[in-house]
Every structure is written in C-alpha cells, then in structure tokens.
Amino acid sequence: MSRTGRRRVATALGSWGATALGILGTVIAARVLDPAPFGRLTLVLATVALFQLLLDLTSEEAVVKYGFRYIEQGAWGRFRRLLELALGLKAASAVVAGAIVVAVSPLDERIYGVELTTPLLVASVLPLLYSIEGTAASVLVLRSRYDVRAALLGWTMALRLVAIVIGAPRGVTATVVALVVAQVVATATVGAVGLAAAVRFPRIARAPLDEDRSEIVRFVLGSSLGTGIVSIRAWIAPVLLGIVSDVRQVGFFRAAQAPQQGFGALSSPIRLILLTEQTRDWERGKPETVLAGVRRYTLTAAVVMAVAVPIFWWLMPDLVRLVLGERFTPATDAARVILLAAALQLVFGWTKSLPVSIGRPGLRVAAHAIETAVLIPLLVLFGREWGATGAAVAVTVATVVFAAVWTFLLARLRGHPPVQVSTA
C-alpha cells in the first residue's frame, strides 16, 4: 500500500474511532443522567456552541485554502503572515463568544425555565480552547497529515469520554467542569503537535499579504457567515426546543440525534481527505478532478444509504431500548425521522469542503441560509406541538430543501466551474 493509501486508512480509523468514542460518551451521559438533567447538559453545550459558531471567524478555512496556494507558489513569507493572522482572529472571536455566554448566563431561567448559570459560566472558556485547537489542526491539513489530525481527534474524544465517566454521576455542573479540564489537555496536545508541524515549513520572515489581503478578508467573512448559519442549523434545534417545550424533550431530541453522529462518522474521514486533496488539486488547475471526486462520493454514499436506512429504521425501537434504556423510548419516533436527515447529510457531505476548496464560501452561505429560513419557523411550530418528534421533522424537511439547493448549485458548477488557480 502506498503512503497516501496508508494515511487514508489511518484517517478513516481515527475518525471512526473518535466518533465511536463521542457516541459512547453521549450514551453514558444519557444513561447516567435522567432525561431532564441530560437535557440541561445539552442546553449548556448547545448554548456555548451556538454563540461560538455564530461569532466565529473561520480563519482556519482560509489557512487551508490560501495556505495551499502559498505552498504551491513558494510564498513562505505570506504563508507565515497568514498563520499568524488566522490564530489571532480566531482567538479574538472566541473570546467575544465566551464573554457573551457569561453575559447571558444569568438569564437562564427566563430563557429555558431551568437554572444553568454555573455550568454556563464554567463552559464559557470552551470557545477559546476550541479556537486554538482548530487553527493547529489546519496546519496538519496543510502538511497533508490528515491521519495525524484524525488520531488527535480520537485523543480529544477519549479525553471527553473520561470526563463524562467521571463527571456524569456527580451531576451536570461536575460534567461540564470535567469536560473543560479534558479540553484544556486536548488543546495543549493538539497545539503542541500543530506548532511542531508549522516550524517544519521554511522559516522565512513574514511578508505582507498585499493584493491578496482583500480577497482573503472576503473569504474569511464569507466563510464565517457560512459557519454562523451552519451553527444555527446544528444547534438552534435543542435551544429553540428548550424554549418552546421542556428539558425532557431536549433530552429526547439529543438522544434521537444519534443517527446523525453515526452517519457523520462514515463520511468524516472522507470529507477531511476531500478538503485536503481537492483544495490542492483546485490550486493546481484541475477542476475536473475535483468535480469527478464529488460525483463518485455522492453516488457511493447514496448506494450505501439506500441499503442502511431501511435496516436502521426497522431496528430503531430495539436500538433505543438497548443503547439508551427504557427511559428514552419516547425518542424512538424522533430518531427514525432524524435517520432520514442523517442519510441526506451524509450523501451531501461534500458540501462542507467543496466551497472551501474552490474558494466560493458564498455558495455554502446561500444554501444554509435557505435551509435555516425553512428550519426555524418549523422548529417553533412543530417543536411546540410534538416536542422532540416535531423538531426532528423540522430538521428533516430543512435538510431536504438544503439537498435540493445544492443539487442545483452543483449542476451550475459543472457547467461553469469558477476556475481560480495558483500562478507560480
């Protein structure tokens, strides 16, 4: 097997292992905590993630896109300046997100009807820790070491699992404290490895970005806007459900999201490889290679889902009882509905990496904006009426709309690829 093949296999094993650890952590938290405390834990983590991603300046995507460009050009001075700016912008936006979490924490009972002030205050440091880890991980992608990135992701998820095992028997606040400690260790580890990878690039004095500055700023703003909209899609469901319903329904909904975690695991290593290799191919002037890869991925994923979905739909009641316990059987219908959304999200998993690879983050913004415009009102209406199952229906309908939008956009890209390649 070639070195590239070995790295791909290692990436898949690392990503799948990390997701398995993440799912195991969710299962343990759900089984140890009752549905209501599990819902409170979900609300804490969802609130932090929502503000973090809404305010996030996703400079690590610019690092991948323009980092490969500067590597191809040998523009190492600009490359160094890009890394410095990315880390600074990412950390600054994370500090603002954490400050907002601190500011809204006293309003917890007004918003959700339950007391969450202390765990929210503890969790407010997570955005900064995530920002450092994310920037360090992007450097590993630039070295095409997505296998190392996947292994470190597994390490991070293993630490979180230990945190849940230690914290969950002691309550929601203790679990959040343990998760923060685990993230400190994970960020230190990934940061050290990322720094070691960065210093292996040629050490040339930083150079101004000059004419690339405005293009990079537009890319970062567009990518950040897209990430913000994605955050609404990913985290607004438990937050809104906590507002229009109750924490038990939030717990059931979080449990019902297990198919998303599982199917996300299948595509995670492939998406990481696509981001690395397709960005490099696009910068080398090979758009046909990139689009052919998207087509192969879509067809393969569709065939896999056509077989897997009916099986998991039939087994879902038994799986919920076996994995989560009898207390979570009310989540069965929601899990079946989420299964459909999860399958579509896997088939269209390339939509996370392709806009970055081709330098068109606005496509992601447009698609997710339409999806979110459908999602939010349906969440309020269906969540109030049918709780977790209603929220699951809202998510699935919005996902169908998202898939339709990207089907149209991909057809346009194939007809008129926006070729923007590096020049030596």
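## Around W406

W406 touches a set of residues beyond its immediate sequence neighbours: leaving aside those up to four places away, its contacts are F348, W350, T351, P355, L363, R364, A367 and L413. Please keep in mind as you look at it that this is a predicted model.

W406 also stands out on a wider scale. The largest nonpolar core has 89 residues, and W406 and F263 are the ones with the most contacts inside it. Which helix gives the largest share of this core? That is helix 16, with 18 residues. A second core, separate from this one, holds 26 residues, including V63, Y70, L142 and V220.

## The chain as a whole

Stepping back, you will find 16 helices and zero strands in the chain. Of its 424 residues, 55% count as buried. The accessible surface comes to about 17,500 Å², and carbon and sulfur atoms account for 67% of that.

How far apart in sequence are the partners in contact? Among contacts with a separation of 6 or more, 83% are between residues 24 or more positions apart.

## Aromatic pairs

A pair of aromatic rings is described by the distance of the centres and the angle of the planes. The count for this structure is eight aromatic pairs. One of them joins F252 and F328: the ring centres are 6.0 Å apart and the planes stand at 90°, so the pair is edge-to-face. F252 belongs to helix 11 (residues 247-256), while F328 sits in the loop between helix 13 (287-324) and helix 14 (332-347), so this pair ties together parts that are 76 residues apart in sequence. Are these two rings buried or exposed? F252 is buried, with a relative accessible area of 3%, and F328 is buried too, at 0%.

Another pair brings us back to W406. The rings of W350 and W406 have their centres 5.4 Å apart and their planes at 80°, so this pair is also edge-to-face. W350 lies in the loop between helix 14 and helix 15 (354-357), and W406 in helix 16 (residues 361-415), so the pair ties together parts 56 residues apart in sequence. Both W350 and W406 are buried. As for F252 and F328, ring pairs link them with F38 into a cluster.

## Salt bridges

Now for the charged side chains. A search of the whole structure finds four salt bridges. Two of them involve E84. With R80, the closest N and O atoms of the bridge are 3.4 Å apart; with R81, the N to O distance is 3.8 Å. E84 and R80 lie four residues apart in helix 4, about one turn of the helix, and E84 and R81 are three residues apart in that helix, again about one turn. Together, R80, R81 and E84 are linked in a network of salt bridges. How exposed are the members of this network? E84 is partly exposed, with a relative accessible area of 29%, as are R80 at 37% and R81 at 25%.

A further salt bridge joins the side chains of D318 and R321, at 2.6 Å from N to O. These two are three residues apart in helix 13, so about one helical turn separates them. D318 counts as partly exposed at 44% relative accessibility, and R321 is partly exposed at 35%.

## A nonpolar patch on the surface

Helix 4 comes up once more when you turn to the surface. L87, V95, L128 and I132 form a nonpolar patch there, with about 300 Å² of accessible area together. Where do these residues come from? Helix 4 (76-104) and helix 7 (126-142) each supply at least two of them.

L87 is one of the patch residues to look at more closely. Its place is in helix 4, and it is partly exposed, with a relative accessible area of 40%.

Technical notes
Residues are numbered from 1 along each chain as its sequence is written. This is a predicted model: local features need pLDDT of at least 70, side-chain atom pairs count only at pLDDT 80 or more; totals for chains, interfaces and linings use all residues. Side-chain values use heavy atoms; hydrogens and water are left out. Patches are made of residues with over 30% relative accessible area and no salt bridge: like charges are joined within 9 Å, nonpolar side chains (Val, Leu, Ile, Met, Phe, Trp, Tyr) within 5 Å. Accessible areas come from the Shrake-Rupley method with a 1.4 Å probe; for residues, only the protein chains shown count as cover. Buried means under 20% relative accessible area, exposed over 50%, partly exposed in between (1.4 Å probe, protein chains only). Rings of Phe, Tyr and Trp (its six-membered ring) pair if their centres lie within 6.5 Å; planes under 30 degrees apart count as stacked, over 60 as edge-to-face and the rest as tilted. A nonpolar core is a set of buried Ala, Val, Leu, Ile, Met, Phe, Trp, Tyr and Cys residues joined through side-chain atoms within 4.5 Å. Contact means heavy atoms within 4.5 Å.
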